[in-house]
Amino acid sequence: MAKYKIVHYINNFFSGAGGEEAAGMRPEVHEGAMGPGLALLEAFGEDYEIAATVVCGDNYFGENLEDATAELLSMIEPFKPDLFIAGPAFNAGRYGVACGTICKAVEKELGIPVLTGMYEENPGVDMFRKDLIVIKTKNSAAGMRKAVPVFKNLGEKLVKGEEILGPDIEGYLERGIRVNYFAEKRGSERAIELLVKKCRGEECPTEYPMPKFDRVEPTAPVTDMAHTKIAIVTSGGIVPQGNPDHIESSSATKYGIYSIAGMERMDKKDFMTVHGGYDRAFVTEDPNLVIPLDVLREMEKEGVIGELADYFITTTGTGTATGNAKAFGEDFVGKLKEDGIGAVILTST
Amino acid sequence: MKLELGKIYIRDVQFAEKTYVKDGTLYVCKEEIEKLVLEDERLTGARVELARPGESVRISPVKDVIEPRVKVEGNGAVFPGVIGKVGQVGEGRTHALVGATVITCGKIVGFQEGVIDMSGPTAKYTPFSQTNNVCVVIEPADGLETHDYEAAGRMAGLKTAVYVAEAAKNLVPDEIVTYETKPLLEQIAQYPDLPKIGYVHMLQSQGLLHDTYYYGVDAKKFIPTIMYPTEIMDGAIVSGNCVAPCDKVTTYHHLNNPVIEDLYQHHGKDLNFVGVILTNENVFLADKERHSDMVAKLAKYLGLDGLLITEEGYGNPDTDLMMNCKKVTQAGVKVVIITDEFPGRDGKSYSLADAVPEADTMVSCGQGNLIVHFPPMDKLIGTMDYVESQIGGYAGCMNEDGSFDAELQIIIASTIANGFNKLAARTY
Amino acid sequence: MVTNNVRCLEKWEGKLQIDYNEEWAYLDVLLAARDYIHRGYFLLTHPLAGSVKPNQTPFKSIILSEESLEGAEDFRDLTLIEESIEAYHKFMGNRPLPEWSEKSVEDFRTIDLSLMEGVMANPIMNRR
């Protein structure tokens with residue numbers, strides 16, 4: 001019997017090419033298994049083979065999402081795999097986003113089952129959990145040993161078209177898909193039991209969690225815009241040409257503060273966007289679409305706003321962990337206060 | 001109020017020269033029912049057919065399902081203000097033909113009526129595959145206006161149920177269950193150490209084909225009020241609506257409200273069931289705000305520690321559900337809500353049309369977007385002409401052999417949002 | 001009233017300010033209502049009133065007012081309309097609106113009209 005074929009995706013680090021210094025490497029294809037693939041190969045046993053391993057640098061992938069995906073697809077396709085595995089990415093954010101992106105593309109374009117694995121706080125999880133089966137791993141490569149049998153079980157089930165059970169049973173991260181089942185007791189009885197517990201102050205787990213309400217109470221409106229100094233803060237990924245501080249195109253770990261002193265509008269010769277989450281064509285042509293400097297300068301002249309700060313603060317929103325985003329804000333709010341900024345305009349994409 | 005419910009268990013249904021019950025079999029006189037239904041000149045056709053559990057029978061499009069009940073002792077008559085004279089019900093003794101129902105079906109505008117399969121893979125989703133059903137297939141007079149037709153259909157079902165239930169009047173019940181709720185202060189004093197629990201029963205009341213009646217009063221025209229739980233068992237609430245079939249609260253489900261039934265089971269053990277607050281699901285936001293304020297006020301006024309809330313329908317009612325939940329919680333009363341879900345065909349979207357953080361304890365009655373297959377059946381009661389346009393059906397869903405595919409939504413009471421069924425949804 | 005139901009227009013033209021467009025799909029009515037809310041109007045009726053799901057009926061009518069009849073929380077109406085738009089996309093993504101026969105289309109006009117007749121009969125409408 002012919003063996004089932006697997007193609008495996010890993011990043012620069014796990015291929016042994018190196019860490020940050022190799023993160024710019026372009027896609028490569030290697031016959032057979034390498035790195036973490038060796039452990040997978042052993043676990044899957046003799047009915048399976050890892051036909052090829054495709055490798056790409058995390059930065060290259062992040063900065064060239066579409067090109068990298070297309071290049072990788074063209075490398076994977078000739079092997080006619082039965083299963084595609086990416087990672088696991090553990091807690092590496094850019095790697096997680098790359099694994100999710102390539103898995104989704106392979107599933108869509110090649111129509112074969114795909115699997116990846118991540119630590120639950122990896123930003124790639126929230127981006128892809130609804131689309132993919134993401135196996136739950138520890139936060140570092142030390143968790144590989146435990147993850148391998150889960151990859152094997154789920155991989156086999158996917159290849160053979162067997163039913164995938166619930167996340168806790170199978171060991172993947174909850175996908176947010178609502179599936180029917182027949183409970184032991186009817187709904188009214190379960191509700192009454194929960195209510196009795198709730199009245200006693202005991203734990204009463206809901207059967208359907210409401211969406212998260214991470215809302216910030218709005219502050220009082222600005223009463224006198226004509227005498228207020230305004231700053232622009234964006235998650236739209238606008239940076240000076242050349243991206244001097246290397247802000248990531250997704251899963252940002254930093255933000256930048258850049259001058260607009262003396263400028264009447266955002267000139268495409270001076271600014272670009274590195275954001276990996278939307279079609280950049282229009283903004284590349286006209287960065288004012290994300291940083292509306294042209295309009296704000298007019299308002300400044302007309303006296304609608306008091307003054308515009310001579311810089312803007314920027315990062316990339318896509319895939320960026322909420323924790324990071326929060327930390328950025330806490331970090332730069334001090335500067336805004338020091339500079340006498342009375343209000344900020346937040347632009348997204 | 002104290003009500004004895006005398007249950008006469010029905011295990012089979014047959015046609016006969018007259019209507020009576022013998023040895024667990026309900027015998028019905030077809031001609032008498034047809035004559036009764038045709039007394040209403042708005043209807044020009046009435047045909048009675050029988051459907052029993054396990055038979056290869058499909059019933060569609062179903063309007064209402066009613067359990068035959070008759071008042072034996074005590075004030076009033078079943079369905080007060082609609083069939084019976086207006087008068088207080090909920091006390092004395094009532095007999096029920098448990099395991100039998102009257103089902104109305106036939107053409108209607110609105111396409112919000114559903115399907116019941118008596119056997120096969122979809123039978124498990126509806127409670128009425130387990131009952132012996134007397135089906136009345138009605139035909140409207142030519143050009144009959146929609147509301148009139150709805151009203152005529154509703155009356156045909158209720159009249160038939162009352163007619164059939166007469167057979168139970170002089171029988172000795174197989175089982176008698178006693179339900180009692182005392183006046184508020186006495187009730188609280190009876191179990192002073194148990195949490196005082198209430199139930200907010202939200203009645204569908206959006207208008208046209210979405211109405212519910214309490215003692216004959218259109219629910220969209222009342223303000224929230226307090227009801228003894230036993231009143232509902234005598235038919236104080238009648239369904240007059242055709243929302244999505246899956247979460248339709250039929251008159252049967254009002255008579256057999258599962259929250260009330262189960263609260264009585266717990267009464268005196270781990271809780272003190274104090275009473276029911278009735279409210280509605282109007283389309284005006286002002287009504288919603290006012291009535292949810294009143295629900296919270298009544299909950300507080302009754303001194304409740306906790307309450308359950310159920311809704312009927314999707315969309316508009318979700319807002320009432322959330323407003324009620326929020327305001328009652330803010331009044332310091334613990335809440336558990338019961339509802340069904342519509343997360344889209346892939347199950348990935350948010351299940352409700354509204355949300356508040358206070359809705360932190362919810363029980364699921366399953367998701368209605370799941371596609372299920374309906375194999376061909378030997379016999380059809382009603383018509384399949386509308387299947388493609390009924391909620392849950394779609395163009396091309398019907399096959400030559402009489403089989404079809406449709407969303408679970410099309411099955412009567414499959415995800416009914418009051419916890420009657422065991423169906424639930426969980427997250428994968 | 002924002003509506004795409006000609007029978008609502010016929011019935012209440014001159015009595016209500018009616019924003020009617022025959023070309024509007026269900027979604028366009030929701031969007032038009034959303035735009036009114038952004039301009040300071042308040043919802044009088046729930047955007048999903050009727051519980052006929054958005055992929056079932058082509059017709060929608062919503063009544064708004066320049067004055068709020070109740071002390072609603074800020075953003076209530078905006079949240080409601082956005083949730084309704086989201087629900088619309090969910091159901092349409094599930095299964096688009098069928099190609100109804102003219103007979104069925106007329107039935108859906110009737111349903112929408114009757115729902116609005118119920119609404120117009122509410123004493124709340126006299127308060128404006």
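In this predicted model, helix α1 of chain A is followed by A:G45, a residue whose phi is positive, near 80°. The points below take up that helix, then the side of chain A that touches chain B, where 33 residues of chain A are in contact with 45 residues of chain B.

**Helix α1 of chain A**

- Within α1(A), which spans residues 37-44, the buried residues include A:G37, A:L40 and A:F44.
- Seen down the axis of α1(A), the buried residues fall within an arc of 55°, and therefore they line one face of the helix.
- An α-helix has 3.6 residues a turn, so residues three or four places apart point the same way.
- The cover over the buried residues of α1(A) includes three strands of chain A, namely β1 (4-11), β3 (48-56) and β4 (83-86), together with the helix α6 (144-160) of chain A.

**The side of chain A that touches chain B**

- Contact between the chains involves 33 residues of chain A and 45 residues of chain B, and the elements of chain A that give two or more residues to this side are β7 (178-182) and α8 (187-200).
- The largest share of this side of chain A comes from α8(A), which gives 11 residues.
- Sorted by class, the side of chain A that touches chain B has 17 nonpolar, 10 charged and 6 polar residues.

**Strand pairing between the chains**

- Strand β7(A) pairs with β25(B), residues 423-427 of chain B, in the antiparallel sense and over 5 bridges.
- Within this pairing, A:V179 has B:R426 of β25(B) as its bridge partner.

Terms used. Residues are numbered from 1 along each chain as its sequence is written. Chains are lettered from A and ligands numbered from 1 in the order in which they are written. This is a predicted model: local features need pLDDT of at least 70, side-chain atom pairs count only at pLDDT 80 or more; totals for chains, interfaces and linings use all residues. Two residues are in contact if their C-beta atoms, placed from the backbone, lie within 7 Å. Helices (H or I, at least four residues) and strands (E, at least two) are DSSP runs, numbered from the N terminus. Ala, Val, Leu, Ile, Met, Phe, Trp, Tyr, Cys and Pro count as nonpolar, Asp, Glu, Lys and Arg as charged, and the others, Gly among them, as polar. Two strands pair if DSSP finds at least two bridges between them. A residue is buried if 20 or more other C-beta atoms lie within 10 Å of its own, exposed if 12 or fewer, and partly exposed in between; C-beta atoms are placed from the backbone. The arc is that of the directions from the helix axis to the C-beta atoms.
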